[in-house]
Amino acid sequence: MKLPFAESYKIKMVESIKKSTYEERQKWIKEANYNLFNLKSSQVFIDLLTDSGTGAMSDKQWSEMMIGDESYAGASSYYKMKDAIKNILGFDYFLPTHQGRAAENVLFSATVNEDDVVPGNTHFDTTKGHIEFRKATAIDCTIDEAFDTSVFHPFKGNIDLSKLENVLKQYPKEKIPFIILTITCNSSGGQPVSMKNIKDVSKLAKKYDVKIIFDSARFAENAYFIKIREEEYKDKSIKEIVKEMFLYSDGMTMSSKKDAIVNMGGFIALRDEDIFKKAAVFNILYEGFITYGGMSGRDMSALAQGLDEGTEFDTLEARINQVYYLGNKLKKYNIPVQEPFGGHAIFIDAKKFLPNINKEEFPAQTLAVELYIEAGIRGVEIGAIMADRDPITRENRYPELELVRLAIPRRTYTKNHMDYIAVAIKNVFDRKDPINKGVKIVDEAPILRHFTVKLERI
Ligand code: F0G
């Protein structure tokens, strides 16, 4: 018999999580104004709000925490991080920052100006926010297949080259600080970009003399998908693929809370000394001196170790297998989920799941609330509440897809937890009394309303 898959790690430390009753959860979610961000973590049994900063560090990472060097300048922890970035990613210059959006803030302060355009595959919210905040425009050049959940494409994060070339032709190169390639593309569902597409984008960038920056939060997951889906890479190691991917970029921003498996941290890495020097000024203003940039020494040391572990095939195989295990289980229960599954999360199609709820009553938020009440599982709405109001007309924007994202933290939950999640979702799906009423907004902030919105059940 073929041996089944098993993780290449065992567990040395555990953290208790609390079960609760249906009645308690009904009361708590009402007190939280039906906004899952307002719940206390102690009111949540399985937390799938995000895979960012929620992973389990290894024994080696914890050892690094103990020997972190907290010197203000020139800490050995900084040099550990510098070496890891050079050896694994291939960059000579880097700046530590406290997380991914801080890296965006620092780099874009040095490079993005009013009226610029930044083409890319679907930009992550904070990336787009930092571009628009500077009165520049993010232009989405993702392939059309990415927006159709019924189409299978192995690399739904890919850039449509003709869309990109149109932008490069239309604007002078002085107006395009860089192309941004998000690997994997979070906003299109954790979908990877192929090496072929990376190379083709790089060729176009060279032709028009424009730089490329990778938004790299989940770069190792992207490399894993290249290995298993792109024939000529099947015999290459993840580290070899990672090295090759970054050869085609001029720099990167990193939220280390994902594939470097730390609770907090980020960085910018660059090839060009001039951009590094410009960005370093903003790093000192916003983050801290250039050898710590908002991070503790111990966190830099754990990050360096995490970069090494996060780019090991066994780590990635266990992680992505777990996400796929949950996805396949849900499919077996006929739950409408987005396919192919992403690297870090499963997305439930809420319009198909709750066909009786119209878009004005926020089907994805309604489903996220029901799932919490059913079993204490916290997912997140990626739908009209998150899409927010149009900044000019102030009308609600209704995106094509209403999704509930179930993001799986790294090395944190077990197969039993995945089974529990799948059954909970099936139970909501099979309810005798169909869910006919959604939620309405009673109070909202002018921007980024999903974090603090107050809702009522209709
Ligand atoms: N880029 C991508 C692709 C991301 O997914 C994130 C964060 C960031 C940048 C910003 O990094 O949080 O460290 O400031 N994504 C988290 C998520 C929040 O839940 O998907 P950050």
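**Note on the ligand site and the nonpolar core**

1. In this predicted model, the ligand is surrounded by 16 residues, of which Thr 50, Gln 99, Arg 101, Ser 255 and Lys 258 come nearest.

2. Polar contacts to the ligand can be followed atom by atom. An oxygen atom of the ligand lies 2.7 Å from a polar side-chain atom of Thr 50, and an oxygen atom of the ligand is also found 2.8 Å from an N or O atom in the side chain of Asn 186. For Lys 258, a side-chain N or O atom is 2.9 Å from a nitrogen atom of the ligand. The ligand would expose 480 Å² if taken alone, and the protein buries 93% of that area.

3. As to the make-up of the shell around the ligand, eight of its residues are polar and seven are charged, while one is nonpolar. Helix 4, which spans residues 100–111, gives the largest share of this shell, with three residues.

4. A separate point concerns the largest nonpolar core, which has 107 residues; among these, Leu 89, Phe 219, Met 245, Phe 246, Phe 267 and Leu 307 touch the most other members. The largest share of this core comes from helix 14 (residues 363–375), which supplies eight residues.

5. Where does this core lie with respect to domain 1 and domain 2? It lies between them, because residues are given to it both by domain 1 (22–51 + 313–457) and by domain 2 (59–310). As general background, nonpolar side chains in soluble globular proteins tend to be buried together.

Key
Residues numbered from 1 in each chain as written. Predicted model: local features only at pLDDT ≥ 70, side-chain atom pairs only at ≥ 80, totals over all residues. Heavy atoms only, no water. Near = heavy atom within 4 Å. Polar contact = N/O pair within 3.5 Å; in protein donor to acceptor, adjacent residues only side chain to side chain. Areas by Shrake-Rupley, 256 points an atom, 1.4 Å probe, with all protein chains shown as cover. Helix = DSSP H or I, 4+ residues; strand = E, 2+ residues; numbered from the N terminus. Nonpolar A, V, L, I, M, F, W, Y, C, P; charged D, E, K, R; others polar. Core = buried A, V, L, I, M, F, W, Y, C linked by side-chain atoms within 4.5 Å. Buried < 20%, exposed > 50% of the residue type's maximum accessible area, 1.4 Å probe, protein only. Domains from an automatic or database assignment.
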